[in-house]
Amino acid sequence: MKIFSKEQIYEGDRFTIKKQNISSSELMERAGISLFNWLDARLQGAPVPILIFCGIGNNGGDGLVLARHLISHGYNVKTFIVDFSDKRSKDFLINYERLKETTKDWPVSIHSVDDFPEISSQDIIIDAIFGVGLNRPISDWVIALFKHFKASKALTVSVDIPSGLYTDKTPKHEDDVVTSNLILSFQTPKLVFFLPETDKYIDQWEILNIDIDATYLETTETEAEVLGKYDVLPMYKQRDKFSHKGSYGHALIIGGSYGKIGAVQLSSRSALLSGVGLITAFVPKCGYIPLQTALPEAMVITDADKKLITDIVFDIIPDAVGIGIGLGTDEKTVKAFESFLKNNTAPLVIDADGLNILSKNKALLKYLKEDTILTPHPKELKRLIGDWEDDFDKLSKTKAFVKKHKVLVIIKGANSISVYQDKLYINSTGNPGLATGGTGDVLTGIITGLRAQGYTALESACFGTYLHGKSADLAIEFKGYQSLIASDVISYLGQAYLDLFKQADTPLSEKEQKPEEVKK
Ligand SMILES: NC(=O)C1=CN([C@@H]2O[C@H](COP(=O)(O)OP(=O)(O)OC[C@H]3O[C@@H](n4cnc5c(N)ncnc54)[C@H](O)[C@@H]3O)[C@@H](O)[C@H]2O)[C@@H](O)CC1
Ligand SMILES: Nc1ncnc2c1ncn2[C@@H]1O[C@H](COP(=O)(O)OP(=O)(O)O)[C@@H](O)[C@H]1O
Ligand SMILES: [K+]
């Protein structure tokens, strides 16, 4: 699902208005009706007090349309105008007049803290104060109103985006944003719904269709996309009846040091279960017996050294290599890594200590072949690209890095983001059960396995993160968050593949329904 920028949202509105020969207030009517339909389907006429707080722009206009329809359907509605400016938008004013025709209850204007209404915890608050048009700091009394909402503990539904949240930067203070329980967002999720720093403002969201022109939606290239099942499904490669192990590539996992051989075992096993035809692990000598015992399907090549990798030599021709897991950063290992990088021609995935070595020896970056995949968690990323001011700065710095070195970077974490050629691909699967040692090694194995099977770098990253998260989502049903371990993620990989062809996708219009614990 594409994520449109603020400018693209405005352009989509303009395009639709022109193409469908409608007025902007007709489009606002659609938006308001979609809000009404959503609420009406759930409230079924219940007499619960609904307090609608409208700003003076088009977000407020949406609130006014909603108020009119709720009132004319007999709902118990009180409408407030949060009068933070005189510059009321044209469509706000049209709907302000229309509301007058529907009700004798004139909307109440709020100009200061003295005007705040009492709000009971049993009420429903509709937050239609600021939408994507927020462009400067908010007045203190309006922020006080946000706090008043929060203190009431009333269920709060935000129209389009929680008021106070910018589309392109992170708020300075937590109190500057409405704490909403649900966001009903028009046509497209916003990028801030997926970033670590703004996640605390996002509980649940749903997309409401307001029939923005289909051609516009299809043909507009967006900076970001969130990938669900039906986005990754076309990447899936079917198996041919007469295929054989040679048809599915040979993956090589290079890593491990004394005490960290398990990481290589996890990666190698993951590559196997991702479907690779053959797997070889390159480890220090101490890894030989554990690997041959734990993973009989794998072939093992050992370094001359017992505990460390000191010289990466092998006589196989791998279709993809994953390097860095459990590797350590000993000087001899750094030398071996350097010489490997200079000579390697196979598609490459670099993780963990491989990334740390690169960070400490930036001169090595020039040896990265085009489409190399780097899989840093945020700390590794910081070592690689330097510090950032906020999540948006992080994304633009990562993009610059990706462009400069012609690589693909997966920023791991909840909603892992694959950054490739100026675009962001946001993963939609996974859960906090994955916050446990070794799950990153599993991801590296899966992605290396896919790459060896002939998936492109972008496909391997997107499909790999999807499968990895999906396995964890399926696994927690039986393991719970606390007891999920990296090996479980591998065990459920088969289920994740099967799930691609099963049951309808969890609607992306909603945050995935997870057990109570992760709901904030
Ligand atoms: N074509 C349309 O009319 C549609 C508009 N939509 C709604 O329109 C919203 C965007 O509307 P607007 O662009 O009017 O903007 P908003 O309603 O988000 O913002 C209100 C106005 O306040 C001003 N403003 C921004 N920050 C301020 C601050 N801190 N203090 C005081 N004033 C501030 C802005 O200049 C803007 O004009 C969307 O989020 C969505 O809810 C939807 O109705 C869909 C269709
Ligand atoms: N809260 C979370 N929600 C979803 N995925 C997560 C979460 N925490 C971690 N992950 C995923 O788990 C993996 C952890 O990788 P990493 O930090 O490298 O672990 P390790 O080095 O121990 O293997 C990444 O794929 C990351 O996206
Ligand atoms: K809002």
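## Exercises on two ligand shells, two domains and three helices

Helix α14 (residues 439-452) gives the most to the shell around ligand 2, with four residues. Helices here are DSSP runs (H or I, at least four residues), numbered from the N terminus. This is a predicted model: local features need pLDDT of at least 70, side-chain atom pairs count only at pLDDT 80 or more, and totals for chains, interfaces and linings use all residues. Residues are numbered from 1 along each chain as its sequence is written, while chains are lettered from A and ligands numbered from 1 in the order in which they are written.

**Exercise 1.** State which residues come nearest to ligand 2, and sort its shell by class.

*Solution.* Step one: 18 residues surround ligand 2 (C-beta atom, placed from the backbone, within 6 Å). K412, A414, G430, L434 and G440 come nearest. Step two: the shell has six nonpolar, ten polar and two charged residues. Ala, Val, Leu, Ile, Met, Phe, Trp, Tyr, Cys and Pro count as nonpolar, Asp, Glu, Lys and Arg as charged, and the others, Gly among them, as polar.

**Exercise 2.** Do the same for ligand 1, and find the elements that give two or more residues.

*Solution.* Ligand 1 has 28 residues around it, and G57, N58, N59, G131 and G133 come nearest. The elements giving two or more are α2 and α3 (58-72). By class, the shell holds twelve nonpolar, eleven polar and five charged residues.

**Exercise 3.** Describe how α3 packs against α4.

*Solution.* Start with the axes, which are lines fitted to C-alpha atoms over the stretch in contact, with angles from 0 to 180 degrees between N-to-C directions. The axes of α3 and α4 come within 8 Å and cross at roughly 15°. That makes α3 roughly parallel to α4 (under 35 degrees). Residues in contact have C-beta atoms, placed from the backbone, within 7 Å. N58 and G60 are among the α3 residues that meet α4, whose side includes D91 and F92.

**Exercise 4.** Now treat α2 (residues 24-43) and α4 (residues 90-102).

*Solution.* Their axes come within 10 Å and cross at roughly 65°. That makes α2 roughly perpendicular to α4 (65 to 115 degrees). S24, S25 and M28 of α2 make the contact with D91, I94 and N95 of α4. Those residues divide into two nonpolar, three polar and one charged.

**Exercise 5.** Give the domains and the separation of their centres.

*Solution.* An automatic or database assignment sets the bounds: domain 1 is 2-222, and domain 2 is 231-236 + 323-502. Their centres, taken over C-alpha atoms, are 37 Å apart. The contact takes eight residues from domain 1 and six residues from domain 2.

Definitions and conventions:
Parallel < 35°, antiparallel > 145°, perpendicular 65-115°, else oblique. Contact = placed C-beta atoms within 7 Å.
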